[in-house]
Amino acid sequence: MKVPILLPNIFNHPFTYESNINLKVGDYVVVPFGKLKITGVVWDEFEKKNSKNFKIKSVLKKLDVDPLKKTTIKFLNWFSEYNMIPKGMALKLVLLSSNAVENLQKDTYKIFDSNITNNSIKLSEEQKKSLKKMNISNQKFRVHVLQGTTGSGKTMVYFEALKNIINKGFQGLILLPEIGLTSQFEKKFIEFFGFIPAVWHSGISKKKKEIIWSGIANGKIKVVIGARSSLFLPFKKLGLIVVDEEHDQSYKQDEGITYNARNMAISRASFENIPVNLITAVPSIETYENIKKGKYSISKLEKRYQNASLPSYEIINLRETKLEKQSWLSKKIIEKVKLHLDKNDQVLFFLNRRGFSPHVLCNKCFNSCSCPNCSINLVYHKNRNNLLCHYCGFKSSLKRACAKEGECEFIFSGPGVERISEEVKRKFPEKKIEIFSSDTMNKKDSKEKMEKIINNEIQILVGTQLISKGFHFPSLNCIVVVDIDLSSQGYDLRGAEKNLQLFHQLSGRAGRTGKPATVYFQTYENNSKMISEITNQNPDIFLDRELEIRKKNKLPPYQRFISLILTGANESKLEKEAFNFKNFIENKIEGKILGPVNAPLFKLKRNFRIRLLVRGPKSMKMQISLAKIILKYKFSSGIKLSVDVDPINFN
Ligand SMILES: [Zn+2]
Ligand SMILES: [Zn+2]
């Protein structure tokens, strides 16, 4: 018999093979491909036009693994078309690596034995009501949103819903932003279910991945908690997907194979015809629109744990109090912080800037230190005593021959967390202070540090955005936003939404155990209106207005954007190519082309970047027409195109 077999490579179609073995759709097989032997999957359709006259080769063997489900295959076909990714690359997301499936070890997944034990956790009346609403029409595809302020006990509600599904013999998937996959969360899970969940993210070992993969394919593992890539696991009997922190923008994969894991989770649920629950404190603008249209059902939790109230807000206008030289913290804020520390409150100084200083320049020649590979300033990291590019990793020492004479004399303009931490140390020398950023918290000793923070052995934190993500610090009752700058949103249509999410998440870290908490905003801007809007306890007001703006300006979620980025090492060649490419595709696609313009980050890793943005109605016609015409265009050598459907970042 002849069979179509899809291989995990850059081709968008299956290849035709001959087989003596009886094969059906979804079977995993090993086939020869050129000089290699690779694992592929029997696909649901032959290649449409068999243009090339290859000699048809034979399937080498069928692997002893439960077949990939037809619904999953349909989902992958759709996934590939929607995101403009070759089908083979979509399959690659499922197969882990070229021979992983062939070498699976059986029966090692027993560590994930899933016998639910009883726990003593009792839901509140509000939680019970929410759960009841969530469980309506649980037998088929539907999207339910559970919205609740941070600390209101959303997790327990969806854990109950999941328990229900597992008891019926199904598997469940909980998606979390990568950074939310903490041991704190795992502990909570074990407390509730009484067994260890299979945890899946980019950091786990290859061996562990193979064990989990195999347990998922044969249905022995019941629950996976995973980052976005867990969405492509070959579940045998998936019954529920939960997307926790659904608003989190890190669900969007920006590089390589680009897709939005939250949206794809909803699609996968629809293909599998199972329910999906979206969990959030403040819904993303897309989700909010679907709630308004009645497409998604919703339940809300409004009470916080132990009736804790949300933190109050105070704006400290820096125009009214003069800062001392080389200081970024006003007298007023230091006094406030003192009062909190006296009450044994933990304090967080928030500044979303890693390192010591974001801008270093010479006092004599006035030249800035910028990255030779990217169009961006180098950041000075005092801890490592070097200048670092946060985009390409370029490093350099703090030494440079001066254009005037001798060596440059550097001055540091503006603070990063390291610099703020130094100032805090001067002000509170007797307190324990820790920096909380990706530079300090991804190390081996970070588990120890976390324990100390939780136990309030560290009284003051100086942190970046990393700290806004899902951590539970019981004593944290004071947050100081060192510099709230809402003006630099220019090119980013999602800037306002990003700020809303950031400050809601951030303030959700404070006052979690019932003590009164305050968030202080230091600012030069006269933007008290904006601050009160993004910190309003009822985010719907902000979201409603934001939707209106998006509608008026034909922006997502009312229209679809597809971003096309051309990169190349030769600036003028790239510019010409961008115009040629635009002329070639214009009028042949469903949608209007904006650009070409230089990307805000014009040079990245030695390549120049030019953007085109295609805007059109939300229909697959846009992707199909675009994919067709791109195939016909011959790019000059050295020029690369990357496509991003529904872009989130515009840099
Ligand atoms: Zn760089
Ligand atoms: Zn100089």
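**Exercise 1. Find how the donor residues of the zinc ion (ligand 1) are spaced in sequence, and work out what arrangement their atoms make.**

Solution. Start with the sequence: the donors of the zinc ion (ligand 1) follow the pattern C-x2-C-x14-C-x2-C. Keep in mind as you go that this is a predicted model. Next, put names to the pattern: the SG atoms of Cys371, Cys374, Cys389 and Cys392 coordinate the ion at 2.2 to 2.4 Å. Now turn to the angles. The four donor atoms subtend 103 to 114° around the ion, which makes the arrangement tetrahedral; the test asks for all angles to lie between 85 and 135 degrees.

Then place two of these donors in the fold. Cys371 sits in the loop between strand 17 and strand 18 (379-381), and Cys389 in the loop between strand 19 (386-388) and strand 20, so the pair ties together parts that are 18 residues apart in sequence. Finally, check accessibility: Cys371 is buried at 6% relative accessible area, Cys374 is buried at 2%, and Cys389 also counts as buried at 2%.

**Exercise 2. Repeat the analysis for the zinc ion (ligand 2): which residues coordinate it, and which parts do Cys362 and Cys408 tie together?**

Solution. First, list the donors: Cys362, Cys365, Cys402 and Cys408 each offer SG, at 2.3 to 2.4 Å. Their spacing along the chain reads C-x2-C-x36-C-x5-C. The angles among the four donor atoms are 103 to 114°, and the site is tetrahedral. Now for the fold: Cys362 belongs to strand 17 (residues 359-362), while Cys408 is in the loop between strand 20 (395-396) and strand 21 (410-413), so this pair ties together parts that are 46 residues apart in sequence. Both Cys362 and Cys408 are buried.

**Exercise 3. Decide how many disulfides the structure holds, and see where Cys369 stands.**

Solution. The count is zero. For Cys369, look for the nearest cysteine sulfur: that of Cys408, 7.1 Å away, and Cys369 is in no disulfide. The cut-off for a disulfide is 2.5 Å between the sulfur atoms. Cys369 is nonetheless buried, with a relative accessible area of 5%.

**Exercise 4. Work out where the buried residues of helix 5 lie around its axis.**

Solution. Begin by picking them out: in helix 5 (residues 183-193), Phe185, Phe189, Phe192 and Phe193 are buried. Viewed down the helix axis, these residues fall within an arc of 80°, so they line one face. A general rule helps here: an α-helix has 3.6 residues a turn, so residues three or four places apart point the same way. Now look at the face turned away from the buried side, where Lys187 and Glu191 are exposed. As for partners, the buried residues pack against helix 4 (154-167), strand 7 (171-175) and strand 9 (223-226). Just past the end of helix 5, Gly194 has a positive phi of about 80°.

**Exercise 5. Explore the largest nonpolar core: which residues touch the most other members?**

Solution. Among the 81 residues of this core, they are Val224, Ile241, Leu564 and Leu626. Take Leu626: leaving aside neighbours within four places in sequence, its contacts are Met84, Ile562, Leu564, Ile585, Ile589 and Val614. Apart from this core lies another, of 34 residues, including Ala281, Ile285, Met441 and Ile531.

**Exercise 6. Is Arg550 buried or exposed?**

Solution. First locate Arg550, in helix 15 (residues 540-552). Its relative accessibility is 1%, so Arg550 counts as buried. Not counting residues up to four places away in sequence, Arg550 touches several residues, among them Ile285, Arg494, Glu497 and Tyr558.

Technical notes. Residues numbered from 1 in each chain as written. Chains lettered and ligands numbered in written order. Predicted model: local features only at pLDDT ≥ 70, side-chain atom pairs only at ≥ 80, totals over all residues. Heavy atoms only, no water. Donors = N, O, S within 2.8 Å, 3.2 Å for Na, K, Ca; no water. Tetrahedral: all angles 85-135°; square planar, octahedral: opposite > 155°, others 65-115°. Helix = DSSP H or I, 4+ residues; strand = E, 2+ residues; numbered from the N terminus. Buried < 20%, exposed > 50% of the residue type's maximum accessible area, 1.4 Å probe, protein only. Arc of directions from axis to C-beta. Contact = heavy atoms within 4.5 Å. Core = buried A, V, L, I, M, F, W, Y, C linked by side-chain atoms within 4.5 Å.
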